[in-house]
Amino acid sequence: MKKIKEISEQFTVIDSLIVEILNCAAEDFLGLNERFKEAYAKSTSISANAEEVFAVYASSYTSESLLNLKLLFKKFSQAKKETNKYADSIVKSIDEVYDILDSIDLHSKNINQNLLTLKFLLANLKITGIESNSVGTTKEKDELFIEFNRLVNKSKLAELELAKSLHGNMKFLREGVDRVKKNMRNANQPIGIAIEIINESILVFSEKQQDLSLNLPKLQEHNAKLRDSIDSIITNLQYHDIIRQKIEHVQVSHKEILNNLSSEDESEQKNYLNQIAELVNIQSALLVRANKEYQRAIEQIIDKFKIIGSIAQNILNQCRDLKRIQESDTEQPFTNVAHKLTNTTLPVSKYLSLLARVNNLLQSIRHNVSLMVEASAIDDDANRFGELLLKRIKQPELMLQSNLIQQIETVTFDIITSRSQIGTLYMHLESKISDIERLSELISENTKSQEWESIPTTLKEIASNLLECDEKVSILLKEKFQASNDLGDIIHRAVSQVKYYEVFELKILDVIKLLNQIYSTLTGKEESQFDRDDLEFMRKLYTMESEHRIHNMVIKGNAGINDLSETDQDESNIEFF
Amino acid sequence: MIDDSVTNQVLVEALLDEEGIKVVTVSNATDAFKLIEKELPGLILLDLLMPNVTGIDFLKSVKQDERVSAIPIFIVTAANTEFYRNQCEVLGVKDFFPKPVDILLLVKRVKEVLLAGA
């Protein structure tokens, strides 16, 4: 009776120890729940944050922006080609104008020479026209010679003026061509810079788009794994409650048996051994089953927590790679591109202003040459008057030397011919002026077109998008770094806060002790030292010396017990067979 | 949410909170009844296996009270037997979720019911 009461009390203590173990599991699960709550919030924010990073990049590095850049590239490349074409055409036109003026100059020189020849011939004619008996005729002749000389002088002056203007223009043209060439060369430089920048931006855009398309599936994969791990944790966290409910159900039977054992009524205590056996079975089944479930659930939960941490880090690394953060750069590479794009407006403006300068130059050339053409109108009056004079010189009554008159006629004819040729050359010049006018209009149209006007706005928009994008992503990544660090802490706490294993070890040793005591009580046998299971005792028990003793005992029988020749005196070594 | 398991309370509350759904948790049916009369929630999540007043008892009381009988109820329980399912069906529960619960499905259905009732 007393024995049964004692055993009953011991079973009650065992029951309470088991309950303590289960309560520890409950607290651990509560802790894991709390950590899960925190980890869930952090990991979903990291995941959502990553998706936002991708969305920000996708909205900035759009196909539309890329298309605009490609159009700009095309525009600038076209402009460069046209600049070279204009340069060649302008230089060619000016050179042709120069050649024409050169020819005019030659004819002008001929005219000049012929006019001097006329003067020479007139001087000779004067001499040959001297007659001793014809005073009246001499007076008429003198007047005629004076008129002719005056005409020749007038023509000579006109030719001198023309030559001066001609030489001035030729010098202007020479200088003009050089300045056109220089300005066109200079114009190619900034447009070349603009082309390089646009090209670099296109590469960056294309790379970024490729990055996004390659990384998005990876991100989706990470997010899917994250969700799977979270699902697994959620499922395993629920096992505690399921196990608890089952344990409570079993514990009802357990309590019934204990109550029977504790009952004062002897009839209730019959078959106490069977009841004890039943109690032991229930207790062990309870503990083993619960322990196994908890072990499995805790293992899964911790494992998945670590996976979540690892996935979050992978997502973070992925976003960092996407941003191409480089430690050595003070500015982000894409911010660099944005600034360069904004600065592209400068070379573009320079290009346009150089072309405008060339255009002004062309206008001046056109103006000067036009003036020349206007001034070159053949003096018909001079020619007519010259013809009249010639006619008068040829009058037989003047009795002037006929061969000289013939020479005068020839030279006059040469002058008229040269003048006519000059006239033809001026007509060619007019068509060249038209060419120059046309080129000037082309350049003007090109530089003033709406496309050029819209370029600064387009560049500014793209650059602004890029800068905004980089800024947004920097902020998002900063948040993410923090969240990732926090997640690491949470996971670390989740792992370190699990006390179940320590508590189980402590309590189970007490349970085993009590069970052994119950056994002693039931059988009347003393508890042997080998039944004691505390670790300290086991440590002392199983030393090298004791093992050798046992070994010798087995090999040599009792005679081997005192043989310590091979033993190690250091009792701190533990060796287990 | 009526569940005597604190761990379950914390878990479900954390997940629904992320979705912007306010959750009030109670550990026993008696307190729950007083609360729902006062709060008139949009939905009740009910565990069946609770000490003293069981989930089934609570369900019967709610369905008999006109003031609260229209509140939709989801059963969330480890007692996934035909007996309990039939009883719950007869008592007019909206949905039955055996433990361990597919939380994503639970959250989805909660949102559906709350939106429909809004």
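Which helices of chain A each supply at least two residues of the positive patch? They are helix H3 (135-262) and helix H6 (345-375), where helices (H or I, at least four residues) and strands (E, at least two) are DSSP runs numbered from the N terminus. Before you start selecting, note that this is a predicted model in which local features need pLDDT of at least 70 and side-chain atom pairs count only at pLDDT 80 or more, while totals for chains, interfaces and linings use all residues. Residues are numbered from 1 along each chain as its sequence is written, chains are lettered from A and ligands numbered from 1 in the order in which they are written, and side-chain values use heavy atoms, with hydrogens and water left out.

**Stop 1: chain A as a whole**

Select chain A, which has 12 helices and 0 strands, so that a plot of its elements from the N terminus on reads α-α-α-α-α-α-α-α-α-α-α-α. Of its 577 residues, 43% are buried, a class that means under 20% relative accessible area, with exposed meaning over 50% and partly exposed lying in between (1.4 Å probe, protein chains only).

**Stop 2: the positive patch**

Next select Arg179(A), Lys181(A), Lys182(A), Arg185(A), Lys350(A) and Arg357(A), which gather on the surface in a patch of positive charge. Patches are made of residues with over 30% relative accessible area and no salt bridge, with like charges joined within 9 Å and nonpolar side chains (Val, Leu, Ile, Met, Phe, Trp, Tyr) within 5 Å. A salt bridge here is a side-chain nitrogen of Lys or Arg within 4 Å of a carboxyl oxygen of Asp or Glu. Lys and Arg count as positive and Asp and Glu as negative, whereas His and the chain ends are not counted; the place of a charge is NZ of Lys, CZ of Arg, CG of Asp or CD of Glu. The areas come from the Shrake-Rupley method with a 1.4 Å probe, and for residues only the protein chains shown count as cover. H3(A) gives the most to this patch, with 4 residues. Arg357(A) lies in helix H6 of chain A, and it counts as partly exposed because its relative accessibility is 47%.

**Stop 3: the negative patch**

Now select Glu140(A), Asp142(A), Glu143(A) and Glu397(A), which form a negative surface patch. Glu397(A) is placed in the loop between helix H7 (380-393) and helix H8 (402-448) of chain A, and with a relative accessible area of 48% this residue is partly exposed.

**Stop 4: a buried leucine and a ring cluster**

Is Leu258(A), in the next selection, buried or exposed? Leu258(A) counts as buried, at 6% relative accessibility, and is found in helix H3 of chain A. Show Asp15(A) as well: the two residues are 243 apart in sequence, yet their C-alpha atoms are 9.6 Å apart in space. Then select Phe29(A), Tyr294(A), Tyr500(A), Tyr501(A) and Phe504(A), which ring pairs link into a cluster. Rings of Phe, Tyr and Trp (its six-membered ring) pair if their centres lie within 6.5 Å, and planes under 30 degrees apart count as stacked, over 60 as edge-to-face and the rest as tilted.

**Stop 5: chain B and its aromatic pairs**

Turn to chain B, which contains 5 helices and 3 strands in the sequence pattern α-α-β-α-β-α-β-α, and in which 46% of the 118 residues are buried. Over all chains, the count comes to 10 aromatic pairs. In one of them, Phe33(B) and Phe58(B) meet edge-to-face, at 6.1 Å centre to centre and 80° between the planes. Phe33(B) lies in helix H2 (residues 29-39) and Phe58(B) in helix H3 (residues 55-64) of chain B, so the pair ties together parts that are 25 residues apart in sequence. Both Phe33(B) and Phe58(B) are buried. Select Phe83(B) and Tyr84(B) next: their ring centres are 5.3 Å apart and their planes stand at 65°, so this pair is edge-to-face. Phe83(B) counts as exposed, at 52% relative accessibility, whereas Tyr84(B) counts as partly exposed, at 23%.

**Stop 6: backbone details in the loops of chain B**

Finish by inspecting the backbone, beginning with Lys99(B) and Pro100(B), which are joined by a cis peptide bond with omega about 0°. Pro100(B) is found in the loop between strand S3 (95-98) and helix H5 (103-117) of chain B. Leu40(B), in the loop between H2 and strand S1 (44-46) of chain B, has a positive phi near 45° although it is a residue other than glycine. Asn52(B), also not a glycine, has a positive phi of about 60°; its place is in the loop between S1 and H3 of chain B, and with a relative accessible area of 77% Asn52(B) is exposed.
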